[in-house]
Amino acid sequence: MPNIADNLSVIRSRIINAAKKSGRDPNSIKLVAATKGVPVALIEEAIAAGLTDIGENRVQEAASKFDQLKRYPVTWHMIGHLQTNKVKPALKMFSVIQSVDSERLAKEISAKSERTIDVFMEVNASGEASKFGIAPESSVELATGISRLPNIRLKGLMTLGPDTDDKEKRRKSFRLLHGLFEGIKRLNLPSLELEYLSMGMSDDFEVAIEEGSNMVRIGSAIFGIEHGTVQR
Ligand SMILES: *Cc1c(COP(=O)(O)O)cnc(C)c1O
């Protein structure tokens, strides 16, 4: 029977190994647990085992869990596609919105937020039609647009690896995002504090770390959940 604490400790040692392999400080890599479809009881087990960051994909699902989990000192990340009409409830729960992929969404967040909120720009680095995210060639323009808005601070870039088993294709995508990250950093835009490169999931986080990721979002490898069903 899978054990959440054991799974977490396996993931942590794999993160440490991947970091060491590329000469990076393992402590500089943040673990966000992707908890879509994961029951509250399992999330509580993960929190008891030291989990500090939760990533949810849907505002509605997050809201029901948030009520049950808000007594825990964890940081909530919105990692799924966010519709502009859900921005207001999202701002009540999430400290970080990782999925900003249009100026329209950035403007809505800026308008509805009553405090400075950290956002990441989601980039469709693989160019796959099935994926959300701004096109790489438009990312500088969007970053510039975000930097002009009040109440919103661009803190990172996020991407999902391509749907392929080809490790080198994934690597290429992650490398591209890292390049954009460094390029946008150098622009020295106002109110821009690029710090996080959010890439890598259960199947590809080691490659992502080798390519500079300092935030991995991991679901199935922690919770043993595939396609919304609990296997335990
Ligand atoms: C589900 C999800 C993850 C985690 O994926 P796993 O393969 O379960 O580790 C990470 N990021 C996003 C945006 C997700 O939707």
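## Close-up views of a predicted model

Ser191 sits in the loop that runs between H7 and S7. Everything shown in these views comes from a predicted model, so let us begin with this one loop residue and then move on to other parts of the structure.

**View 1. Ser191 meets residues from elsewhere in the sequence.** With a relative accessible area of 37%, Ser191 is partly exposed. Set aside the neighbours within four places in sequence, and Ser191 is in contact with Ser147, Ile152, Arg153 and Leu154. Have a look at Leu149 too: Ser191 and Leu149 are 42 residues apart in sequence, yet 8.8 Å separates them in space, C-alpha to C-alpha.

**View 2. Asn151 and Asn188 each have a positive phi without being glycine.** Take Asn151 to begin with: its phi is about 65 degrees. You will find Asn151 in the loop between H6 and S6, and it is partly exposed, with a relative accessible area of 29%. For Asn188, phi is about 50 degrees. Asn188 belongs to the loop between H7 and strand S7 (192–198). Is Asn188 buried or exposed? Asn188 is exposed, and its relative accessible area is 68%.

**View 3. The ligand and the residues around it.** Which residues surround the ligand? They are Ala34, Lys36, Asn57, Ile79, Leu160, Met201, Ser202, Arg217, Ile218, Gly219 and Ser220. Sorted by class, this shell has five nonpolar, four polar and two charged residues. Now zoom in on the oxygen atoms of the ligand. One ligand oxygen lies 2.8 Å from an N or O atom in the side chain of Lys36. A polar side-chain atom of Ser202 is 2.5 Å from an oxygen atom of the ligand. With Ser220, the partner is a polar backbone atom, 2.8 Å from an oxygen atom of the ligand. Taken alone the ligand exposes 380 Å², and the protein buries 85% of that.

**View 4. Asp53, a buried residue with polar partners.** Asp53 is part of strand S2 (residues 53–56). Its relative accessible area is 2%, so Asp53 counts as buried. Which side chains does the side chain of Asp53 make polar contacts with? One is the side chain of Thr52, at 2.7 Å. Another is the side chain of His77, also listed at 2.7 Å. If we leave out residues up to four places away in sequence, Asp53 touches Lys30, Leu31, Val32, Ala33, Thr75 and His77.

**View 5. Phe66 and Trp76, an aromatic pair.** How many aromatic pairs does the structure hold? There are two, and Phe66 with Trp76 forms an edge-to-face pair. The centres of these two rings are 5.1 Å apart, with 75 degrees between the planes. Phe66 lies in helix H3 (residues 59–69) and Trp76 in strand S3 (residues 75–78), so this pair ties together parts that are 10 residues apart in sequence. Both Phe66 and Trp76 are buried.

**View 6. Helix H6, largely enclosed by the rest of the structure.** Why can helix H6 (residues 139–147) be called largely enclosed? Because seven of its nine residues are buried. Those buried residues of H6 are Ser139, Leu142, Ala143, Thr144, Gly145, Ile146 and Ser147. Look around them to find what they pack against: strand S4 (96–100), helix H5 (103–112), strand S5 (117–122), strand S6 (152–158) and helix H7 (167–186).

**View 7. Glu211, a buried residue in a loop.** Glu211 is found in the loop that links helix H8 (205–210) with strand S8 (215–218). Its relative accessible area is 9%, and under 20% counts as buried, so Glu211 is buried. Apart from its neighbours within four places in sequence, Glu211 is in contact with Arg171, Phe174, Arg175, His178 and Met199.

**View 8. Ala48, an exposed helix residue.** Ala48 is in helix H2 (residues 40–48). With a relative accessible area of 71%, Ala48 is exposed. To finish, find Ile4: Ala48 and Ile4 are 44 residues apart in sequence and 9.7 Å apart in space, C-alpha to C-alpha.

Conventions
Residues are numbered from 1 along each chain as its sequence is written. This is a predicted model: local features need pLDDT of at least 70, side-chain atom pairs count only at pLDDT 80 or more; totals for chains, interfaces and linings use all residues. Side-chain values use heavy atoms; hydrogens and water are left out. A residue is near a molecule or strand if one of its heavy atoms lies within 4 Å of it. A polar contact is a pair of N or O atoms within 3.5 Å; within protein, one must be able to donate a hydrogen and the other to accept it, and residues adjacent in sequence count only if both atoms are side-chain atoms. Accessible areas come from the Shrake-Rupley method with a 1.4 Å probe; for residues, only the protein chains shown count as cover. Ala, Val, Leu, Ile, Met, Phe, Trp, Tyr, Cys and Pro count as nonpolar, Asp, Glu, Lys and Arg as charged, and the others, Gly among them, as polar. Helices (H or I, at least four residues) and strands (E, at least two) are DSSP runs, numbered from the N terminus. Buried means under 20% relative accessible area, exposed over 50%, partly exposed in between (1.4 Å probe, protein chains only). Contact means heavy atoms within 4.5 Å. Rings of Phe, Tyr and Trp (its six-membered ring) pair if their centres lie within 6.5 Å; planes under 30 degrees apart count as stacked, over 60 as edge-to-face and the rest as tilted.
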